[in-house]
Each structure stands twice: as structure tokens, then as C-alpha cells.
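Here are my notes after going through the model you sent. Have it open next to you as you read.

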Amino acid sequence: MPNNDALVLYKAAHIDTDLNDPNTAHLTISHDKVISSQSLPGLNVIPKEIKDGVDIKIVLEENTVIKNPVHMCFGMLKKEGVQRIILDIDIKAGASIFIIAHCIFPNAIKVRHLMDGKIKVGEHASYTYLEKHIHADSGGVEVVPKARVMLSDYARFKTDFELLRGRVGKLDLDYETTCLAHSVMEMTAKINGSGDDIIKIRESALLEGEGARGVLTSRVALRQNAQAEIFNKLIATAPFARGHVDCKEIVQDKAIASAVPIVEVRDPKAHVTHEAAIGSVDSKQLQTLMARGLSEEEAVELIIQGLLS
Amino acid sequence: MSVLTLKNISLTLNDKKILYDVNLEFLSGKIHALVGPNGAGKSSLAFTIMGLEGYRKFEGDIIFNGESLKDKSIDQRAKLGITLAWQEPARYEGLTVEKFLKAAYSPEKGLKPEEALIRSGLQPDRYLKRAVDKTLSGGERKKVELASILAMMPEIVMLDEPDSGIDVESLERIFDAIKVLKKKGSTVILITHSLKVLEHAEDAFLLCCGRLMEKGSGRGMCKYFKGKCIPCNHQNVPEANDAK
């Protein structure tokens, strides 16, 4: 029976009903305690409590396909403290899994959430990781997710980072992926910054296998005094590797945004492209909505909602 | 009865005079056309009426239902009942057709988003959840924009080149939608250089090089436009005495 902390976290993430399903795996961590978990055949989740956090080893056995999303709740209801999550994920050949990580810090005034991930996706395996954050409105959270990802031949990896509620606080995201032959990688970050939020995103991928493909996408909207620095790097070193970097940032008020897309090709048969757009809301988009009767503020809000959806 | 009156409108953009003392009256509930070759100033006139960025400083006055629009913002003009459909509609990453139409929807006057889509020639089950972005063709976006106007049902609507990027069959749907607007009492201004579109107008005004050259019925203007403007080989510079 989950304790009170777990129930609060489930409710915040809207997953309380999902977790009653015996075919849905989950793991709930409140600060440095494992408070509930459920596994499934072929999915081995071994959490070990450490100082200020939990070290988790996840192994998905060969050819195991987990149909329902696996929910991982990393929360902290305290106002202050550090939560350290160490993830070692091994998706064996031919296996498939979709993990939703709910990172919930609704009362944070001075909370640090550190995540160090090592992820290996085997041949023909598929790993999707959706990270959904719920923060306090005060912005008193520092989130530092780091991951090193290795994709074997024909592996697929997709990750999305979203902030659903509250202010970002400080975010320092650092993902690095190596893609072997014919593997496919998609990394997306969508973030809405305000107040004095500081956002740093570093996503890089090395397309080193023939026919490897990758897309790095960033969508950031900034208001007030928020700052964002997006660093996307895509290197293709093998024939027929294909990559694209796509960064859009909308800036309002006194916010500051920068984007550094680096694309590098070391094989004449590889192809990598990039596009980056930083600035205010597109005037035609804005004026069209205003011509339908929306105020400027309503129109901007709708455009940003779309961009971050 | 005049719903919109333009009084001596002159407009200069980047030190170039675009409109010269344009005087026009648009009658309530009628379909009008602003016709003229490329560069005549048709779109500039529409942008001035809508109050778009860069088109707010002009000489003269625009009177809508007895009220000057001169100091009104775009959304204030829209709330009074004026709107514009662009020749090349905007694209919105991630914004669904449904949300786009709901933003324009007026429950008192407008068609519901689903019905507005159908009237514009698009099937709601195929389009409501799609984004108004580059995955839609130019023609599809044009129809979505028209649907947003049917959802809004403004008192006066300016459609800039409604046939551009539209195939023949879809064009008929657009004319049907224009009939719906008229039936609901909207005043329509078609901005065009197409004879096919001009034929649907009851009243038409010919602009050339920023000057009003001729007024007449839509069909009458077709003959004039076809005879005098289409073969025009002097870049449509009007003789000073021709300008009305």
C-alpha cells in the first residue's frame, strides 16, 4: 500500500488510476526512499537507496516488449534538499519500453534534483523516455539531468523533456548519444521560462554508424528575466548518416536567449542540417490571431502553447 | 447603407507613396471587389483598414459604422467586427486547427468550428487535430483560415487573393463559403486580380498605382479590367487625369 507521499505524487502526476493496473510497472521514489514499485516479467528494476537518493539498475530482457508505459515517479515534497538519481538502463536486443518519468517538486524552495544516466539500447531495441516535470511556482528547483546513451545497430531512442507546471528554476540538461549503424535518435526539449529562470541545454549526438539518423529539437519560450543557452551538436562520421538540429526560441520582455548549433560532417556521403530561430513572436502569426479578436497577450500565449505542445 | 467609408486615404511606406487620396464606400451585406494589377495597392489598402504593423500612419480617415478606426489596434478593430484573411496564411507550429478555430469562434454569430471546416471544404475528423503548420498545403491553410472567418462571422471581411494556391474544385467551395458570409449579413471585400473572382462581386473598385481608377459592378469591371488592364504594357501607370 503506497504511503501518503506516494499518493500526493501520483495525484500530482495524474497517474493514480494507472498504477492500480497490474500490467503497468512503476517505481516511486520520494527523496531518497523507494516507497513503491511493481515490475513485470522480463523487466528487472533493482533500486538501491544511497545517500540523498537512489541508484537504480533497470534491465529489460531480450525481446521483451512492455506494452504499457512504465511510470517512474521521482519526487520530493520537502521544501529543501538534494535528490540524486543514478540510472543504469540496459535495454537488451529486440526489447521495447516506454518510460514516463514524473519529476515532481511542488513545494520546492531550495531543491536540487540530480540525475546521472547511463543508457544502452541493444540491437533492434527501442527505448522512449518522456520526462515530465512539475515544479513549484517559486522556481526554487535546480534540475541537472545528465545522460550518456549508446545506441546499437538498428536501435531507436526517443526522449522528450517537458515542464508541465510551475517555474523552471535552474535547468542544466546534458545528453550525449552515440548512434551506431541504422539507429534512430530523437531528442526534444520544450521549456517555458519566466522570472529569473536559467536554462542550459546541451544535447549532442555522434552519428558514427552507417545510415544512423538523429534529430535534436529545442523549443524554448522566455519571458521576464529568464535566460536560456541552447547548445546542440551533431557530428556525422559515417556514410548515409542523416541529422538535423532544430532550435526555436521565443523571447519577450528582458529575457535573453542564445543558441549554438554545431554540425559537423566527416564523411562525404553523410548529410546534416540545422535551423535556429530566435526572436519575438512572428508578427504574421500574431496579427492573424489579433484580427480574429484576441488581445496581443492572448495571441502570444496561444502561439507559445502551440510551440511547446 | 455604408458600413465602411475610406476618406482621402494616402499611405507612404519607406518614402514611397503607395496610396493616393483613396475615397471608397463599402455597403453593408454586399460582396465587393478591390481589383487591380500587382502592385496597385490593394493589399496595402486592406492592411491599412485592418491596422497592421507598418500601416497605421496614414492620411485621411477610416470610418466603420460611424466610428473612426484611426487610433484602434488590430484586436479592437476585430472586436468591432472587421477581419482579414491573408493571401499567404500564417503557419503555427503545434497549434491545432481546432484551437485555431476556437480562438476565432464567436458563439453568438459564428459557425461552430466543425461546421465552419465543412463549409470550407475540409473534413473535421481529418483536420481538427492537425497543426496549422507546414504539414498542411497552402490551399489547406487557406481553407482553414476561411473556416476561422466563418467561425468568427465578422461584420466585414477582407479576403486577400482568395483563389491563390487553390485548385478549381476548391475555389467553388470558397465561393460557397463567401455566399454563407453574405447570407449571414457579412460585408465581403475580395482583393483580387482574377477575373474569375471578380465575377462574384456585386460592386468593384479598380485600383492602379495606388489610385482609384474606376467603380462599377463586378461584371462590368471584368470587361474594363480585361480590356484595359490585362493588356496594359506601361506598367499600369495611370494618366493623372484618369484617376478618380
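Which residues have the most contacts inside the largest nonpolar core?

1. Keep in mind that this is a predicted model. The residues in question are A:I303 and B:M50, and the core they sit in, the largest nonpolar one, has 173 residues. Helix α6 of chain B, residues 138–152, supplies the largest share of this core, with seven residues.

2. B:M50 deserves a closer look. If you skip its neighbours within four places in sequence, it is in contact with A:A291 from the other chain, and with B:I74, B:R77, B:I82, B:L84 and B:M158. Two of these meet again in the sheet: B:L84 has B:M158 as its bridge partner in β7(B).

3. On to that sheet. It is an open one in chain B, with six strands in the order β6-β7-β8-β3-β9-β10 and mixed pairing. The edges are β6 (82–85) and β10 (211–217) of chain B; each has a single partner strand, so one side of each has no neighbour in the sheet. On average, neighbouring strands are turned by 20° against each other, ignoring direction.

4. At one edge, β6(B) pairs with β7(B), residues 156–160, in the parallel sense, over four bridges.

5. Two helices of chain B are worth checking against the sheet. Helix α1, residues 42–50, lies across β3, β6, β7, β8 and β9 of chain B, and runs at about 145° to β7(B). Helix α7, residues 168–183, lies across β3, β7 and β8 of chain B, at about 150° to β8(B).

Terms used: Residues are numbered from 1 along each chain as its sequence is written. Chains are lettered from A and ligands numbered from 1 in the order in which they are written. This is a predicted model: local features need pLDDT of at least 70, side-chain atom pairs count only at pLDDT 80 or more; totals for chains, interfaces and linings use all residues. A nonpolar core is a set of buried Ala, Val, Leu, Ile, Met, Phe, Trp, Tyr and Cys residues joined through C-beta atoms within 7 Å. A residue is buried if 20 or more other C-beta atoms lie within 10 Å of its own, exposed if 12 or fewer, and partly exposed in between; C-beta atoms are placed from the backbone. Two residues are in contact if their C-beta atoms, placed from the backbone, lie within 7 Å. Two strands pair if DSSP finds at least two bridges between them. Axes are lines fitted to C-alpha atoms, for helices over the stretch in contact, and angles run from 0 to 180 degrees between N-to-C directions.
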